[in-house]
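The following exercises concern the reading of a single-chain protein model. Please examine the sequence and the structure before consulting the solutions.

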Amino acid sequence: WRLRKTSACFCPDEFEQAKLFVEQEFAFSERDSHGNTLRQNLENAARQLKRKPKELEDLVELPDSFQEYYHWFLRLNNHRPSGIGISSIPYSEYVAFFKLIGVDPDPFEIAILEVFDSIAMKHFSKQQEKEQAKAKKPAKK
């Protein structure tokens, strides 16, 4: 069952905004050495300072026309296969996911999810580089 029948009726600006939103959400989900996300740290700072930090002003909103795709992506992302590192969501996961939810996706819908996944992979790669650089630093004595 599908909440609504989607069609390729969104403008390119909305797609760009959706990509910026996904990038923003991955940036805000980055964890520090204490396990807190950047978003949590900024929200804590806002409470303590009683004002909104610049980073929390003018946040990118996800266009309504991309809500369903982002929801799909989050569900697929949570079931991303892992092993030695993180890899892209394989087509077998897409097939299983859409069969499970009873949706026959259009090719453009898969393409949107692949773009979201490539943003995620860039984020994961950047995180891995940071962790490797941190591991190479000599321990402080």
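Each exercise below consists of a task and a worked solution.

**Exercise 1. Overall description**

Task: Describe the confidence, the order of elements and the extent of the chain.

Solution: The model is predicted, with a mean pLDDT of 86 for the chain and 91% of residues at 70 or more. Among the elements, helix α3 (residues 67-78) has the highest mean pLDDT, 96, and strand β1 (residues 82-83) the lowest, 72. The next step is to list the elements. The chain contains five helices and two strands, and from the N terminus their order is α-α-α-β-β-α-α. The C-alpha atoms fill a box of roughly 60 × 40 × 25 Å along the principal axes. Of the 141 residues, 31% count as buried. Finally, among contacts with a separation of 6 or more, 67% are between residues 24 or more positions apart.

**Exercise 2. Helix α3 and its surroundings**

Task: Compare the span of α3 with the expected value, then determine which of its residues are buried and what covers them.

Solution: The expected span is 1.5 Å times one less than the number of residues. For the twelve residues of α3 this gives 16 Å, and the end C-alpha atoms are 17 Å apart, which agrees. The buried residues of α3 are Glu 68, Tyr 69, Tyr 70, Trp 72, Phe 73, Leu 76 and Asn 77. Their cover includes α1 (12-28), α4 (91-101) and α5.

**Exercise 3. Aromatic pairs**

Task: Classify the pair formed by Phe 73 and Phe 116, and state where its two residues lie.

Solution: A pair of aromatic rings is described by the distance of the centres and the angle of the planes. The whole structure holds 13 aromatic pairs. In the pair of Phe 73 and Phe 116, the centres are 5.9 Å apart and the planes are at 75 degrees. Planes over 60 degrees apart count as edge-to-face, so this pair is edge-to-face. Phe 73 belongs to helix α3 and Phe 116 to helix α5 (residues 107-136); with their positions 43 residues apart, the pair links distant parts of the chain. Phe 73 counts as buried because its relative accessibility is 0%, and Phe 116 counts as buried because its relative accessibility is 0%. Separately, one aromatic cluster is formed by Phe 15, Phe 66, Tyr 69, Trp 72, Phe 97, Phe 98 and Phe 108.

**Exercise 4. Helices α1 and α2**

Task: Are α1 and α2 roughly parallel or roughly perpendicular, and which residues meet?

Solution: The axes of α1 and helix α2 (residues 38-49) are 6 Å apart, at an angle of about 75 degrees. Angles of 65 to 115 degrees count as roughly perpendicular; α1 and α2 are therefore roughly perpendicular to each other. At their contact, Glu 25, Ala 27 and Phe 28 of α1 meet Leu 38, Arg 39 and Leu 42 of α2. The buried residues of α1 include Phe 15, Phe 21 and Phe 28, and the cover of its buried residues includes α2, α3 and α5. The 17 residues of α1 should span 24 Å, and the end C-alpha atoms are 24 Å apart, in agreement.

**Exercise 5. Positive phi values**

Task: Are Lys 50 and Asp 58 buried or exposed?

Solution: Lys 50 has a phi near 60 degrees, positive although the residue is not glycine, and lies in the loop between α2 and α3. Asp 58, also a residue other than glycine, has a positive phi near 55 degrees and is found in the loop between α2 and α3. The cut-off for exposed is over 50%. Lys 50 counts as exposed because its relative accessibility is 74%, and Asp 58 counts as exposed because its value is 77%.

Methods:
Residues are numbered from 1 along each chain as its sequence is written. This is a predicted model: local features need pLDDT of at least 70, side-chain atom pairs count only at pLDDT 80 or more; totals for chains, interfaces and linings use all residues. Side-chain values use heavy atoms; hydrogens and water are left out. pLDDT is the predictor's confidence in each residue, from 0 to 100. Helices (H or I, at least four residues) and strands (E, at least two) are DSSP runs, numbered from the N terminus. Rings of Phe, Tyr and Trp (its six-membered ring) pair if their centres lie within 6.5 Å; planes under 30 degrees apart count as stacked, over 60 as edge-to-face and the rest as tilted. Buried means under 20% relative accessible area, exposed over 50%, partly exposed in between (1.4 Å probe, protein chains only). Contact means heavy atoms within 4.5 Å. Axes are lines fitted to C-alpha atoms, for helices over the stretch in contact, and angles run from 0 to 180 degrees between N-to-C directions. Angles under 35 degrees count as roughly parallel, over 145 as roughly antiparallel, 65 to 115 as roughly perpendicular and the rest as oblique.
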